[in-house]
Amino acid sequence: MAYTAGGGAPAAGVAPVGSQYCVCKVELSVSGQNLLDRDVTSKSDPFCVLFTENDGRWMEYDRTETAVNNLNPAFSKKFVLDYHFEEVQKLKFALFDQDKSSTQLDEHDFLGQFSCSLGTIVSSKKITRPLLLMNDKPAGKGLITIAAQELSDNQIITLSLAGRKLDKKDLFGKSDPFLEFYKPGDDGKWMLVHRTEVIKYTLDPVWKPFTVPLVSLCDGDMEKPIQLEFECINPKKQRKKKNYKNSGIIILRSCKINRDYSFLDYILGGCQLMFTVGIDFTASNGNPLDPSSLHYINPMGTNEYLSAIWAVGQIIQDYDSDKMFPALGFGAQLPPDWKVSHEFAINFNPTNPFCSGVDGIAQAYSACLPHIRFYGPTNFSPIINHVARFAAQATQQQTATQYFILLIITDGVISDMEETRHAVVQASKLPMSIIIVGVGNADFTAMEFLDGDSRMLRSHTGEEAARDIVQFVPFREFRNAAKETLAKAVLAELPQQVVQYFKHKNLPPTNSEPA
């Protein structure tokens with residue numbers, strides 16, 4: 001393994017390439033236990049180096065301070081990284097015993113290393129793993145512990161205000177009052193933060209409660225002044241009238257400070273992403289033994305179905321603790337009676353349709369191809385309703401415990417559009433999202449209709465979806481792109497959908513701390 005210097009933590013205020021996908025920043029704390037003792041007359045002097053993978057090469061990102069004469073170090077230096085949910089961010093933590101003042105790592109004794117994705121750490125919040133030597137053998141009894149914490153000020157403040165006996169400003173009527181909030185800017189001038197709605201024709205207004213991020217109101221500094229006069233003073237009237245008291249008062253009816261939970265808050269709080277795959281086995285895909293078939297597995301061991309499974313699954317699997325995923329098929333005739341099924345386990349075990357990791361899904365998919373007959377029609381609603389039943393059970397949760405993700409891979413036009421629309425509308429009320437990847441070159445207009453980016457989906461009865469939960473992506477647009485590009489596209493909306501659901505239901509993260 002070659003360690004390459006370079007890369008490194010980004011300078012403060014500098015946005016990394018692709019930062020439009022970044023959810024937030026994560027701080028990693030590292031400690032070691034029972035490290036190898038490489039020194040003869042004393043204990044090791046360990047330090048930790050973090051490497052990130054870039055185009056298949058490990059690049060040094062940052063390193064901690066050295067803990068002198070210590071086999072159980074808790075490093076005070078933290079690693080701060082941009083967290084990208086839709087990417088597999090591979091990390092390697094390597095510990096060394098500092099022997100010289102040199103910055104060259106080959107000048108120091110190697111104590112062990114551990115590799116994983118950032119998603120693995122974030123989904124567990126804190127992990128402890130054995131350290132390995134270069135030959136993948138245990139580094140004695142050495143362990144490494146890594147803890148993740150989000151770096152953000154996500155507190156929000158909700159204010160409810162009213163006015164009493166305000167000045168009459170209009171000649172032929174009462175005033176049309178509104179409130180403005182200002183904070184001091186870096187240049188010393190007052191900067192507008194928030195303006196309430198205007199309430200017409202009243203001297204006793206009651207404004208709607210409003211919410212603003214605490215960082216917007218006062219830069220997150222609870223001691224920072226904001227400009228809002230509770231006793232309204234008109235300087236002109238004050239100069240003219242000796243017995244002038246005020247021009248009305250502003251009443252603070254309520255003030256509440258809460259945390260505005262982010263996607264990472266829910267993941268760090270223990271929310272599990274429950275992943276299910278639905279695969280189209282209709283006859284329009286073609287005979288899987290024919291190279292022109294969308295289910296034909298090429299000599300490289302892949303096809304568009306497998307590529308889609310890998311693109312999404314390799315991200316999602318980090319966020320499910322047991323990594324056991326149901327994999328279902330639809331549109332095929334099954335042995336022994338060859339009846340058509342639109343909701344069958346591709347491992348042919350209806351009581352246990354779970355596959356072990358993305359590898360297990362791929363193996364079950366490949367193994368089932370010779371044993372089924374491709375048929376039809378292309379019905380989505382049975383599989384959507386299947387996952388929705390489990391998502392409905394999760395609505396009993398008092399905290400954000402589970403969120404369900406259904407990946408449907410299909411080659412054509414939906415046959416049961418009315419039933420599918422109804423199923424999606426009902427699922428929009430549940431902790432559930434649907435990702436549809438269209439393979440082949442069919443007309444996918446109907447899929448784009450389900451993806452409510454431009455307008456909210458309605459069922460055939462006229463009921464409107466509670467929120468947009470469908471993301472459709474045609475695979476053909478990514479055939480010549482890097483494999484990571486497809487994952488970014490299909491998962492782009494998922495963090496927002498997760499947060500939107502739990503916030504609407506007022507469900508905090510499972511392991512959240514009081515605001």
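Which residues are buried in α7? Keep that in mind as you open this predicted model.

**Stop one: helix α7**

Select residues 381-394, which form helix α7. Ser381, Ile383, Ile384, His386, Val387, Ala388, Ala391 and Ala394 are buried there. Now show what these buried residues pack against. You will find three strands named β15 (272-280), β16 (324-330) and β22 (402-410). Add α8 (417-427) and β23 (432-438) to complete the set.

Next, check the length of α7. Its 14 residues should span 20 Å at 1.5 Å a residue, because the expected span counts one less than the number of residues. The end C-alpha atoms are 20 Å apart, which agrees.

**Stop two: the cores**

Select Leu28, Tyr83, Phe85, Phe93, Val122 and Phe281. Within the largest nonpolar core, of 88 residues, these have the most contacts. Then select residues 304-316, helix α5, which gives the most to this core: eight residues. A second core is separate and has 30 residues. Among them are Phe330, Val387, Leu430 and Val470. You have met Val387 already, as a buried residue of α7.

**Stop three: Asp97**

Select Asp97, in strand β6 (residues 90-97). Is Asp97 buried or exposed? Its relative accessibility is 0%, so Asp97 counts as buried. Show its surroundings, leaving out residues up to four places away in sequence. Asp97 touches Arg38, Asp39, Ser44, Asp45, Pro46 and Phe47. It also touches His108, Asp109 and Leu111.

Finally, add Gly329, 232 residues from Asp97 along the chain. The C-alpha atoms of the two are separated by 53 Å.

Notes. Residues are numbered from 1 along each chain as its sequence is written. This is a predicted model: local features need pLDDT of at least 70, side-chain atom pairs count only at pLDDT 80 or more; totals for chains, interfaces and linings use all residues. Side-chain values use heavy atoms; hydrogens and water are left out. Helices (H or I, at least four residues) and strands (E, at least two) are DSSP runs, numbered from the N terminus. Buried means under 20% relative accessible area, exposed over 50%, partly exposed in between (1.4 Å probe, protein chains only). Contact means heavy atoms within 4.5 Å. A nonpolar core is a set of buried Ala, Val, Leu, Ile, Met, Phe, Trp, Tyr and Cys residues joined through side-chain atoms within 4.5 Å.
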